[in-house]
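This report describes a pocket and the domain arrangement around it. The sequence and structure follow.

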Amino acid sequence: MEKYEIVSKRTLADRVNEYVVYAPSVARHCLAGQFVILRVDDDGERVPFTVCDYDRAVGTVSILVQEVGYTTMKLAETKVGDRLADFVGPLGNPTDLSAYKRILLVGGGIGAAVIYPQAKQLFSENRAADVVLGARNVSLVMYEEEFRKYCKNFHLITDDGSSGRKGFVTDIVRELLEKGVGYDAVFAVGPLGMMRAVCNVTREFGVHTVVSMNSLMVDGTGMCGCCRITVGGKIRYACIDGPEFDGHEVDFDEAASRAVMYREAEKEHVCRLRGTAK
Ligand SMILES: Cc1cc2nc3c(=O)[nH]c(=O)nc-3n(C[C@H](O)[C@H](O)[C@H](O)COP(=O)(O)OP(=O)(O)OC[C@H]3O[C@@H](n4cnc5c(N)ncnc54)[C@H](O)[C@@H]3O)c2cc1C
Ligand code: FES
């Protein structure tokens with residue numbers, strides 16, 4: 001196998017592919033919560049993806065990628081055997097699960113990529129977590145079987161009820177907390193709005209909540225300032241200080257406005273890839 005070769009690729013949900021990439025130096029060191037920055041080809045932009053799984057013996061790292069724009073569409077066109085130009089990592093800080101006994105993992109959409117290795121790690125340490133997995137509809141549910149295997153209690157919920165219960169992840173989080181399940185921590189990962197909503201619920205119950213901030217990134221090393229967020233009134237950089245932060249301290253309004261700062265340029269980029277630019 002060649003360095004950064006795509007050794008397997010499978011579609012897990014609508015416009016979501018899992019790629020297994022041969023990257024022994026990343027596989028050797030990566031842990032749950034960390035991410036890589038890859039370039040599809042030599043002209044490509046650098047984009048971050050969570051380390052979703054790894055096999056140290058074989059030297060592979062798995063990422064789960066949702067097609068949303070230029071680079072993720074380019075990646076979707078790759079085939080098994082193709083080589084990525086770059087696959088740099090592991091970056092960011094690993095998840096610290098050591099301080100908590102009873103953990104609730106909440107994943108929304110592609111957030112499953114972050115809570116999946118956490119669930120596996122806790123299972124391997126004989127302290128399986130409870131998991132709430134949410135998606136817009138059945139076509140976007142990922143790793144359901146795996147979560148069932150690796151967690152203590154599994155709750156599936158979709159916006160339209162096409163799989164599992166109908167509703168939002170916050171409905172289940174609230175029910176569990178109202179029942180008095182004594183969680184030491186909730187890890188909530190998904191779209192900004194979902195993480196903010198979970199934090200609003202857990203704040204009412206005084207349960208410590210960790211979120212993973214997927215801010216726009218360029219260098220991933222703390223130099224460019226692109227991933228700047230405010231946490232507890234202080235400036236933080238998601239790439240080197242995170243990506244996980246105390247959700248009750250994150251300034252979500254600022255994070256939401258920074259997340260859309262390049263939207264027009266990104267649209268133009270996609271039009272060029274599709275050959276529909278005016
Ligand atoms: C630490 C970290 C871990 C991540 N892990 C994953 C992962 O495991 N799987 C995955 O599919 N994605 C993940 N992302 C998001 C991923 O990096 C973006 O979806 C990707 O960069 C989009 O590139 P693009 O060129 O295809 O889209 P662009 O053309 O750049 O953007 C298309 C649309 O996606 C939105 N977008 C761009 N970047 C992000 C972002 N960082 N977060 C949310 N929306 C974004 C844009 O605002 C725009 O609406 C992660 C991001 C970070 C910072
Ligand atoms: S991505 Fe440049 S500072 Fe974080």
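## The second largest pocket and the domain contact

In this predicted model, the second largest pocket is lined by Leu31, Ala32, Cys52, Asp53, Tyr54, Pro117, Lys120 and Gln121. The space within this pocket amounts to about 160 Å³. Sorted by class, its lining consists of five nonpolar, one polar and two charged residues.

Two secondary-structure elements, strand E5 (53-55) and helix H3 (112-124), each contribute at least two residues to the lining. Helix H3 gives the largest share, three residues.

The protein is divided into domain 1 (6-91) and domain 2 (103-259). Because both domain 1 and domain 2 give residues to the lining of the second largest pocket, the pocket lies between them.

The C-alpha centres of domain 1 and domain 2 are 21 Å apart. To their contact, domain 1 brings 20 residues and domain 2 brings 21 residues. The table gives the span of each domain and its part in the contact.

| Domain | Residue range | Residues in the contact |
|---|---|---|
| Domain 1 | 6-91 | 20 residues |
| Domain 2 | 103-259 | 21 residues |

Between the two domains, about 1700 Å² of area is buried, and carbon and sulfur atoms account for 62% of it. On the domain 1 side, the residues losing the most area to domain 2 are Phe35, Cys52 and Leu64, which together make up 25% of what that side buries. Cys52 also belongs to the lining of the second largest pocket.

Two salt bridges are counted between domain 1 and domain 2. In addition to this count, the structure can be inspected at a specific pair: the side chains of Arg10 and Glu146 form a salt bridge, at 3.9 Å from N to O.

Note on methods. Residues are numbered from 1 along each chain as its sequence is written. Chains are lettered from A and ligands numbered from 1 in the order in which they are written. This is a predicted model: local features need pLDDT of at least 70, side-chain atom pairs count only at pLDDT 80 or more; totals for chains, interfaces and linings use all residues. Side-chain values use heavy atoms; hydrogens and water are left out. On a 1 Å grid over the protein atoms alone, a cavity is a set of points where a 1.4 Å probe fits but cannot get out, and a pocket is an open set with protein on both sides within 12 Å along at least five of seven lines; lining residues have an atom within 4 Å of a point. Grid points are joined across faces, edges and corners, and a volume is the space filled by probe spheres set on the points. Helices (H or I, at least four residues) and strands (E, at least two) are DSSP runs, numbered from the N terminus. Ala, Val, Leu, Ile, Met, Phe, Trp, Tyr, Cys and Pro count as nonpolar, Asp, Glu, Lys and Arg as charged, and the others, Gly among them, as polar. Domain bounds come from an automatic or database domain assignment. Contact means heavy atoms within 4.5 Å. Buried area is the accessible area (1.4 Å probe) that two parts lose on being put together, summed over both. A salt bridge is a side-chain nitrogen of Lys or Arg within 4 Å of a carboxyl oxygen of Asp or Glu.
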